[in-house]
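Biologist: I am new to this model and should be grateful for a close look at a single part of it, namely the side chains and what lies around them. Please set the part in its wider context as you proceed.

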Amino acid sequence: MRSTLLLTISVATALRSLVSFVLFPSNTPTDNGNLLSRTLGPGILEALGAAVLDPGHTWDHLQEACFWLEDNPAPWNGARTISAGAGYNAVYTPGTRIVAPPLVVAFLGETLVCPAGSRILRFIQQVLLIIADGIGAFCLYHLGMRVFEMEKRSNEEEIERHTKLSESNDLKCNEDLVVPGIIRPERGWVFGLSSKERAEVNEAPVNALDATESKRQLREGGKDYDDNDTKGATPPELQQNEPITPLDQLPIVAALSYFCNPVSMLANATGSIRSLWDAFLLISLYYATMPSSMMTKEGMPVKIRSATMTGFSLALATYADVGYAVFILPILLWRGMLQDTSTPAMRHRDWKYVLVLYLFHLGSMHFLASKLVGDGPNLYSSVIVQTILPDVAFIQQDSSGSLPRPSMGLHWYMFVQVFDRFRPYFTVFVSGIPSMLVVPLVTRLYRYPSILTAEFQLLWAIFRPTTTVHTLTLGIHLAVLNPRTIVRMRDPSLVSFFALPVPILLFVTFHRMWLVTGNGNPNYLYFQCFGYGLFATVIAMEFVSATVKRDKVRRMIENGSMAKLAKKDRAIAPQKENKKNGQQNGAHKEDQPLEESNGCVGKDSGKTDAMAKSEPVVVFL
């Protein structure tokens, strides 16, 4: 296992280096002299960049900031004298279109971009992005393991254990904690969880015809079959499927997929620095889920101070892109906000301290940036507007009316179609849609911070002003860390996931047809963006819907309503079973009371096909 893991990481690193230094040697999506452009034609890099790049978060954008910084054009109003801070003052002159915050320009731009013409800096840029993705994969792995450990300490794990015991006819199961087969997830077997199919196979009676067919199949395979066994469970090899990915291996699979996914490779190779901000976000989630203490070799508990790194890492990501601020809510939930003090899965109670540290670090960064820009708070307030608004709202780049280039979202197309006098309304309304969803989601799903983290990222991948596939990739990997929700998602989400490459590839094709060869038009791009947004929306909605179903089952078990429904079902099940047997052609024995099928001591909680069709349980879902 370890050697396979190291081999996978080595191959992924080699592929990243190959893509960065061979296919895209100039680290920019506008070079037509590289291998890909010579193979597929000019304009292919711009098309790929439109699908995976956010123009305000690229090395190329920092290069543009360096141009204004070095040339030091006239100050804002033309009447001021150039001071020591006039360089950064000039970077944010109206019309420069620079949206990178001042500290990002100072620490990344002046150190790795402004000294142009150096291959060493190009190499350092790519190594930095590879390290950022590696750190992100490391944090994603530990985040998944900690979420898994928290769920093991919750009553949800206890419910799952007793449900599995009932499937295997174990006498130790508690019927009050058994989930009826009708509301178990259909694909639970994928991760080794209880599933509807396994329950139906285990619990359904076997008639003479089924027994004969099973006997024939087993004898052909060289196995024995008990002729006296004409009722009960089918043979073990016919009962259930083996799990594809066990729960304890899912975090490592998600981490490897995050590091090896081609979207991240392509985005980094074409100049995106979004991986840096995603790494800061994952670092904050890594520290937010750390245990409050650890045991030394001597067996003494030592307190782990993780609040400072949690607040500082998220503050860095928020300073670079204010959209990351929404993740403070799941972090605070992990640190104890809105949680019952008796909840065993919660290990921290310092959410107020984390919130104060986050606001302090973020405020300190803006204070340093204001000193760097100079000319007082009035000037810096305009800098904040210029650097923050493009990340949360689709707006004009300057007074000339120019707009950002097309992306995978629909903002650019709708903005062009709207009359000028309605554009402010469009900007406020569309940009406010994500904020309207935050409070309802937190109110309903506050018990699942990892679900909220993934859902916020998925929503941001839909409503971000410059929508990119890179943003959606992180959201999908965060969602994978919640297998108990994934298995309850319906077929449309699976179809949407595998259909996503279609509009993405067609977007790249039609982008080049419209803006390079001239034999296309914007409507070609619009329908691909619409399809992409539709598929992403289906995935996000199904993710929330599956979580609500999961939480509903959990709450019904906790308050005992599931046991009451099961008891009511068992009262009417014999009549339905007798009626069903009477309609068949003499294949069954004489009608008799149903035997216990889940093996619970002193409990008659077996679920038959007739019980599965009883309506009281279905009404609740």
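**Side chains and their surroundings**

Modeller: Arg146 is placed over the face of Tyr286, at 4.3 Å from the ring centre. This value, like the others that follow, comes from a predicted model. A second charge over a ring is found at Phe419, where the charged end of Arg421 sits 5.4 Å from the ring centre.

From charges over rings one may turn to rings beside rings. A pair of aromatic rings is described by the distance of the centres and the angle of the planes. The count of aromatic pairs comes to 15. For one of them, Trp412 and Tyr413, the ring centres are 5.6 Å apart and the planes stand at 85°, so this pair is edge-to-face, the cut-off being over 60 degrees. Both Trp412 and Tyr413 are buried. Ring pairs also join these two residues to Trp514, Tyr526, Phe527 and Phe530, and the six form a cluster.

Trp412 leads on to Ser407, since Trp412 is among the residues that Ser407 touches. Ser407 is located in the loop between helix H17 (376-392) and helix H18 (411-417). Its relative accessibility is 2%, so Ser407 counts as buried, for which the limit is under 20%. Not counting residues up to four places away in sequence, the other residues touched by Ser407 are Ala50, Pro465, Thr466, Thr467, Phe507 and Cys529. With Thr467 there is a polar contact as well: the side chain of Ser407 reaches the backbone nitrogen of Thr467 at 3.4 Å.

Another aromatic residue to consider is Phe426, which belongs to helix H19 (residues 423-444). Phe426 has a relative accessibility of 13% and therefore counts as buried. Once its neighbours within four places in sequence are left aside, Phe426 is in contact with His411, Met414, Phe415, Val418 and Ser431. The C-alpha atom of Phe426 is separated by 9.7 Å from that of Ala393, a residue 33 places away along the chain.

His470 offers a further view of the interior. This histidine is in helix H21 (residues 469-480), and because its relative accessibility is 5%, His470 counts as buried. Apart from residues up to four places away in sequence, His470 touches Val52, Val263, Ser264, Ala267, Asn268, Ser272, Arg274, Ser275 and Asp278.

Ser264, Ala267 and Asn268 from that list also appear among the buried residues of helix H12, together with Met265, Leu266 and Ala269. Helix H12 covers residues 262-269 and is mostly covered, with six of its eight residues buried. An α-helix has 3.6 residues a turn, so residues three or four places apart point the same way. At the start of H12, a side-chain oxygen of Asn261 comes to within 3.2 Å of the backbone nitrogen of Val263. After H12 comes Gly271, with a positive phi near 110°.

A positive phi is also found at Arg97, which is not a glycine; the angle there is about 65°. Most residues other than glycine have a negative phi, and most peptide bonds are trans. Arg97 is situated in the loop between helix H5 (86-91) and H6. With 35% relative accessibility, Arg97 counts as partly exposed.

The cysteines complete this survey of side chains. The count of disulfides comes to one. It is formed by Cys66 and Cys114, whose sulfur atoms are 1.9 Å apart. The angle about the S-S bond is -85°, and the link is left-handed. Cys66 is in helix H4 (residues 59-71), while Cys114 is in the loop between helix H6 (102-112) and helix H7 (119-152), so the disulfide ties together parts that are 48 residues apart in sequence. Cys66 and Cys114 are both buried. As for other cysteines, Cys139 is buried with a relative accessible area of 4%, whereas Cys260, at 25% relative accessibility, counts as partly exposed.

The wider context is as follows. The protein contains 28 helices and two strands, and 51% of its 621 residues are buried. Of the contacts between residues at least 6 apart in sequence, 71% join residues at least 24 apart. The accessible surface amounts to about 29,300 Å², and 63% of this belongs to carbon and sulfur atoms.

Conventions: Residues numbered from 1 in each chain as written. Predicted model: local features only at pLDDT ≥ 70, side-chain atom pairs only at ≥ 80, totals over all residues. Heavy atoms only, no water. Buried < 20%, exposed > 50% of the residue type's maximum accessible area, 1.4 Å probe, protein only. Helix = DSSP H or I, 4+ residues; strand = E, 2+ residues; numbered from the N terminus. Polar contact = N/O pair within 3.5 Å; in protein donor to acceptor, adjacent residues only side chain to side chain. Phe/Tyr/Trp six-rings, centres within 6.5 Å; stacked < 30°, edge-to-face > 60°. Lys NZ or Arg CZ within 6 Å of the ring centre and 35° of its normal. Disulfide = S-S within 2.5 Å. Contact = heavy atoms within 4.5 Å. Areas by Shrake-Rupley, 256 points an atom, 1.4 Å probe, with all protein chains shown as cover.
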